[in-house]
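Please open the model in a viewer, with the sequence panel visible. The tour below proceeds selection by selection.

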Amino acid sequence: MDLGIRGKRALVCASSRGLGRGCAEALAEAGVDLVLNARGEDALTATAEAIRDRYQVQVTAIVADITTEDGRARVLEQAGAIDILVTNAGGPPPGLWQDWTRDDFIAALDANMLAPIALMTALMPPMMERGWGRVVNITSQSVKAPIPQLGLSNSARAGLTGYVAGTARQVAPHGVIVNNLLPGIHATDRADQLDRGVAEREGITLDEARAKRRETLPARRYGDPKDFGAMCAFLCSQRVGFMVGQNVLLDGGGINATL
Ligand code: NAD
């Protein structure tokens, strides 16, 4: 399928690895020029080179912490005109509901709610002026069903989801389409980190922890960042113009719900 976005320019945040990289690769395959961002220079440079070589698109790499004002300012300054925004950042740490302090919540809100909102606030007005734009926010399945040990994620992402629900309908008349993409369990460093926590707590091996989680999924496997990226590219395409403010769940059937 031709996604109709060849020659557009996308900012994909937190994209040297994992789901962000999956999105960046799928957009590059559709002919989109990229601005990539991550905190670690080595992995980011390697990813940028690999994508440039493989897909022959322009790739700009900006090392910055996207959850800080300073980091965002540098990214926005160097990014230039952006048609497509994919917001992403690392997820908050796991823990117990009674242990989190105000500072823990502020950090989670900064990373997983206020950073994407700041990026949308900066980049959507020029998209509206040009009459075309696409935004995909990588959130989490925790928006549909809370994950007990990820209360910081449950809270911050719910805030972002509410913001998008209202805002997407205000920018759509100007050709800017905003939707959220909700990952379930995907095979990335983040999944490893959570599985290691389970292995330590339960005194089992990492492989046993993974097998246990796989069994909870009707698909009986973890998601692949490439498939996640393909859905992201579709949500950034010309084809998605009638889909406004939706929450698309990719979870291998993990959440047992009719809607
Ligand atoms: P990951 O840890 O595998 O990769 C994160 C990427 O983001 C890396 O490239 C890292 O360098 C970059 N990054 C992290 N924090 C950053 C920051 N502050 N500024 C710039 N770059 C930053 O994570 P992932 O599995 O790809 O997950 C992406 C998002 O999706 C996270 O918020 C995660 O919580 C969420 N999520 C993941 C899963 C899963 O199973 N993988 C499930 C639900 C939600």
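Begin with strand β6, residues 176–183, which is mostly covered: eight of its eight residues are buried. Buried here means under 20% relative accessible area, exposed means over 50%, and partly exposed lies in between, with a 1.4 Å probe and protein chains only. Strands (E, at least two residues) and helices (H or I, at least four) are DSSP runs numbered from the N terminus. Display the side chains of β6: Val176, Val178, Asn180 and Leu182 point one way, while Ile177, Asn179, Leu181 and Pro183 point the other way, and all are buried.

A note on the source: this is a predicted model, in which local features need pLDDT of at least 70 and side-chain atom pairs count only at pLDDT 80 or more, whereas totals for chains, interfaces and linings use all residues. Residues are numbered from 1 along each chain as its sequence is written, and side-chain values use heavy atoms, with hydrogens and water left out.

Next, add strand β5 (residues 133–138), which runs parallel to β6 and is joined to β6 by six bridges. Valine 136 stands opposite asparagine 179 of β6.

Now select the whole sheet. It is open and has seven strands in the order β3-β2-β1-β4-β5-β6-β7, with parallel pairing; two strands pair if DSSP finds at least two bridges between them. The edge strands, each pairing on one side only, are β3 (59–63) and β7 (247–250). Neighbouring strands of this sheet are turned against each other by 15 degrees on average, direction ignored.

At the β3 edge, select β2 (residues 33–38), which pairs with β3 in the parallel sense over five bridges. Asparagine 37 has isoleucine 62 of β3 as its bridge partner. Add helix α3 (residues 69–79), which lies across β1 (9–12), β2 and β3 and runs at about 160 degrees to β3. Axes are lines fitted to C-alpha atoms, for helices over the stretch in contact, and angles run from 0 to 180 degrees between N-to-C directions.

Move to glutamine 141, in the loop between β5 and α5 (151–171). Is this glutamine 141 buried or exposed? Glutamine 141 counts as buried, because its relative accessibility is 15%. Leaving aside neighbours within four places in sequence, glutamine 141 is in contact (heavy atoms within 4.5 Å) with Ile147, Leu182, Pro183, Gly184, Ile185, Leu249, Asp251 and Ile255.

Two helix pairs follow. Select α1 (residues 18–29) and α2 (residues 41–55), which pack at about 25 degrees with their axes 10 Å apart. That angle makes α1 roughly parallel to α2. The contact is made by Arg21, Ala24, Glu25, Ala28 and Glu29 of α1 and by Thr47, Ala50, Ile51, Arg54 and Tyr55 of α2.

Then select α6 (residues 189–202) and α7 (residues 206–215), whose axes are 8 Å apart at an angle of about 110 degrees. That makes α6 roughly perpendicular to α7. Angles under 35 degrees count as roughly parallel, over 145 as roughly antiparallel, 65 to 115 as roughly perpendicular and the rest as oblique.

Finish at phenylalanine 234 in helix α8 (residues 225–235). Phenylalanine 234 is partly exposed, with a relative accessible area of 27%. Beyond its neighbours within four places in sequence, phenylalanine 234 is in contact with Met1, Leu3, Arg239 and Val240.
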